[in-house]
Amino acid sequence: MKSILAVLTVVAAIVVLWYAACVPMNIKGVLVEAERAGAEVQPPSAKDRRDMSEFGLTINNNFAIPATWEQARPRLPAPHQVAVELWNTTVGKKITSKRSLIYHGWVTLSATLLGFAIGTGLGILLAVGIVHSKVMDMSVMPWAIVSQTIPIIALAPMIIVVLYSVGVQGIIPKAVISAYLSFFPVVVGMVKGLRSPDHMQLDLLRTYNASKSQGFWKLRLPASMPYLFASLKIGIAASLVGAIVGELPTGAVAGLGARLLAGSYYGQTVQIWSALFAAAILAACLVALLGLIERMVLKRMGIAS
Amino acid sequence: MTTENTTQPVIEARQLDLTFQTNDGPVHALKDVNLEINKGDFVSFIGPSGCGKTTFLRCIAALETPTGGSLSVNGMTPDEARRNRAYGYVFQAAGLYPWRTIAKNIKLPLEIMGYSKSDQDKRVNDVLELVDLDGFGGKYPWQLSGGMQQRASIARALAFDADILLMDEPFGALDEIVRDHLNEQLLELWARTDKTIGFVTHSIPEAVYLSTKIVVMSPRPGRITDVIESPLPKERPLDIRDTPEFIEVAHRVREGLRAGHADD
């Protein structure tokens, strides 16, 4: 109960700050509209207003403050505007509508999940190889690290162009970019997890004359599970980012990335922010879902107490 | 050959050497170790840290490879003996898998060695009873006390019926009251199973109380300074520790340890 109160306090503080920030951010636009509508604005000359600070303008024209929260195309939309847009484009629209965020979210989510599956599979395979082969440890790990130092925003268009030229398009290129971002945390976590059994545990298996594969299935793999889930949570969030980034350079017509892009083309800030929030909520749901699966799996294994 | 087997020692070390090459030069972990352990012996290895007692036990288990001399286990090389699953090994920590119940932990070696399902269940029940943990098979390790966990790990080492049991300071991390109790149980178990036991400890009372043979070792280089055949009877209640015989043996062990220290 106490923690809920603390969380709500933080949320309230953010909302208050946000409303406060809307005033100086939007005041210039509001004053232009107000002047056109015939209101008296201080100072009257647009040139003077341009050189004045937003705070000064706010003090001189405090009648305009409520309007900074109600603009059609604000620089910074107010929280309730984003909330209303989110509501209208999710609950208020048919799922099949091209303006429904559920539809766009599903387009992005499907690429995210496919990419996450590919990335996780690849990550686990690489980790198994790295743990069992010194050659792979020395040759693959440095490249895996280098791969993550390249900005994905630079790489994404190339991946899309290259795949398009060999006839692959649609969901696959986005999933590839997703996988590219999500395999890395899985590799790192799984390598650590598979190596987590200590010397004593390995010696014990040696006294049983256990084979390498028995050691893997009975000791290394189960011991790596807590590490795997920690990595998967990072991986799925990275996957979502990958899918959204994959939608940007193609000028895709569907997906949360496409909504972001269209919003910025047409100055629809409310649309941008609602797409951002949709992405954040989607990521939170995915991570929470993985947390739930983690709890169930570890509980079944008897590890979680 | 077969007639010889009855008299042949179960474990025999002759002029055993083990030198580790480290960055600071060679370390003589074991030097000129000669020892015979016969079937049914309870042998304790005692000495200060660095004397090679654990290293010697690990050599017997083929977890370390000696650099000189000869060592045979059941008439084979230690590595052949390991591959024949000649011994069960108990480490200082119980090392139970947290994701397996006690019964499943005990099944681990049985699964690896390919015992049939029904045989596995029977053996688990037998050894759980042997270490006095019947009814705890379905519990997870974290639900058990440290002493019970160590008993479970002993049960795991006993499950596949190796006739040698090697124990590396198995009760070192437990408090004295629990340790006394486990020592008593271990003697009882030894009497019932007729196993040959190698037991590493740094506690003099524990070594004297448990053993038929006490091997006193000293460090730099790790070597045997004294081998004491215990005159105590096989039947040993806890209060045997107040008898003059017990105190005399303990005294001799202490002397041996001191002698080992005198020359450094």
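Of the 264 residues in chain B of this predicted model, 44% count as buried. The C-alpha atoms of the chain sit in a box of roughly 55 × 45 × 40 Å along the principal axes. A compact globule with 264 residues would have a radius of gyration near 18 Å, and chain B, at 19 Å, agrees with that. Much of the contact map is long-range: among contacts in chain B with a separation of 6 or more, 69% join residues 24 or more positions apart. In terms of secondary structure, chain B comes to 9 helices and 9 strands. The UniProt record, an unreviewed entry, puts "domain: ABC transporter" at residues 13–240 of chain B. That span is 34% helix and 27% strand, and its end C-alpha atoms are 32 Å apart.

Turning to the sheets, one is an open, mixed sheet of 6 strands in chain B, running β5-β6-β7-β3-β8-β9. β5 (87–90) and β9 of chain B take the edges with a single partner strand each, so one side of each has no neighbour in the sheet. On average, and with direction ignored, neighbouring strands here are turned by 15 degrees against each other. Helix α6 (residues 146–158) of chain B packs on this sheet, where the helix touches β5 and β6 (164–168) of chain B. The direction of α6 makes about 165 degrees with that of β5(B).

Strand β8 (residues 213–218) of chain B is worth a closer look. Of its 6 residues, 5 are buried, so the strand is largely enclosed by the rest of the structure. On one side, strand β3 (residues 42–46) of chain B pairs with β8(B) in the parallel sense over 4 bridges, and B:Val43 has B:Lys213 as its bridge partner in β8(B). The pairing of β8(B) with strand β9 (residues 223–229) of chain B is antiparallel instead, over 6 bridges. Here B:Ile214 is matched with B:Ile228 in β9(B). The hairpin made by β8(B) and β9(B) has 4 residues between the strands, and B:Arg220 takes a positive phi near 45 degrees in that hairpin.

Another open sheet in chain B has 3 strands in the order β2-β1-β4, with antiparallel pairing. Its edge strands, β2 (25–37) and β4 (68–73) of chain B, each pair on one side only. The average turn between neighbouring strands of this sheet is 30 degrees, again with direction ignored. Strand β1 (residues 11–22) of chain B pairs with β2(B) in the antiparallel sense over 9 bridges. Within this part of the chain, B:Gln21 stands opposite B:Pro26 in β2(B).

That leaves the contact with the other chain. Here 19 residues of chain B are in contact with 16 residues of chain A. On the chain B side, the elements giving two or more residues are α3 (78–83) and α4 (102–113) of chain B. The most comes from α4(B), which gives 4 residues to the side that touches chain A. Sorted by class, this side of chain B has 14 nonpolar, 2 polar and 3 charged residues.

Notes
Residues numbered from 1 in each chain as written. Chains lettered and ligands numbered in written order. Predicted model: local features only at pLDDT ≥ 70, side-chain atom pairs only at ≥ 80, totals over all residues. Buried ≥ 20, exposed ≤ 12 C-beta atoms within 10 Å, placed from the backbone. Pairing = 2+ DSSP bridges. Contact = placed C-beta atoms within 7 Å. Nonpolar A, V, L, I, M, F, W, Y, C, P; charged D, E, K, R; others polar. Rg over C-alpha atoms; globule rule 2.2 N^0.38 Å. Axes fitted to C-alpha atoms, helices over the stretch in contact; angles between N-to-C directions. UniProt positions renumbered as here; feature names shortened; annotations may be inferred.
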